[in-house]
Amino acid sequence: MILIKVQGFVKKNWIAYLFLAPWIAGFLVLTIYPMIQSLYLSFTDYSLGRDWGFIGFDNFRRMMSSDRRTGDPQFVPSLIVTFTYVFVSVPLRLIFALGVAMLLNRGLRFLGIYRAIYYIPTLLGGSVAIAVLWRQLFARDGTINLIITTLTGIEDLPGWISNPNYALGTLIILAVWQFGSSMIIFLAGLKNISPEYHEAAAIDGASKPRQFFNITLPLLTPVILFNLIMQIIGAFQAFTQAYIISGGRGGPINSTLFFTLHLYNRGFTYFEMGYASAMAWVLLIMIAIITGIIFKTSGTWVSYGSGE
């Protein structure tokens, strides 16, 4: 019975499926098949240039092992760097994006121009050119140190990129600078908030901060949830900046060794494709767990304006 209904639905909408066919074919060939292949390889010791075979969960045991000979000594440091980057850069980016969106929501002239200007870093920030520029800006003899020396007179400044205490911080600043996409979404959310709420609150004597925390922020929580999920997923997949700035090594002293960079090195530097595939699935599972937790807890802080 179900099969007959499915066949009838397909026949009725065959034109739609005809137009969708290129996308469906691409999705199956370029997404689903590689994922299945990667899942299979994660249970093998596949490596270019030598024999390989099925090894079960050995790749995953290797990640969790503390033995420097049989384990992966860089696995835990890469996790620490990645989680630090995600849980520092994402909140800062969202706060900065919301602040700029609120400024742009005040009825400024040439709003479209301002939006375009603030969105440009999002388009350029993930490029190789910007990563190279960032490396030059924060070098010992770079522009940032030149500005600080000119304003304060301090000359003995560190190379922010080459110092393990500050290298990750420069990448976090770069991530925050790419706030444009979140800002546009926040601005759209602010436009959908009726000014009547704030007018009524102002008549009742509510201050601007109280209006923000009691009206604006609660009504923006669905937008905050969307931005939070998207930015966390993107932050976990950050790669280009760390690869270019650290020269692909994740230095200095593993301070910029993102999980994705470690995965890339295992797969394309040491040709441990099986182990790299297992790492990719661990990354997917981590993102899925964190996303699931956020969705599960969103009912306590997200308001959809309908009493839910």
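Begin with the lining of the second largest pocket, which by class has four nonpolar, seven polar and one charged residues; the model you are viewing is a predicted one. To see this lining, select Tyr85, Arg93, Thr122, Gly126, Gln178 and Ser181, and then add Met230, Gln231, Gly234, Ala235, Ala238 and Gln241. The space that lies in this second largest pocket comes to about 250 Å³.

Next, colour the helices α4 and α11, since these are the elements that give two or more residues to the lining of the second largest pocket. Of the elements here, α11 gives the most to that lining, with four residues.

Keep α11 selected and turn to the largest pocket, whose volume is about 490 Å³. Its lining is made up of 14 residues, and those to select for a view of the centre are Met102, Asn105, His198, Lys208 and Thr216, which are the closest to it. Four elements can then be displayed around them, namely α4 (75-104), α9 (180-191), α10 (195-203) and α11 (208-236), for these give two or more residues to the lining of the largest pocket.

Which element gives the most to the lining of the largest pocket? Here again the selection to make is α11, which gives five residues.

As a last step, colour the lining of the largest pocket by residue class, and the residues will divide into seven nonpolar, four polar and three charged.

Notes:
Residues numbered from 1 in each chain as written. Predicted model: local features only at pLDDT ≥ 70, side-chain atom pairs only at ≥ 80, totals over all residues. Heavy atoms only, no water. 1 Å grid on protein atoms, 1.4 Å probe; cavity = no way out; pocket = protein on both sides within 12 Å on 5 of 7 lines; lining within 4 Å. Points joined across faces, edges and corners; volume = space filled by probe spheres on them. Nonpolar A, V, L, I, M, F, W, Y, C, P; charged D, E, K, R; others polar.
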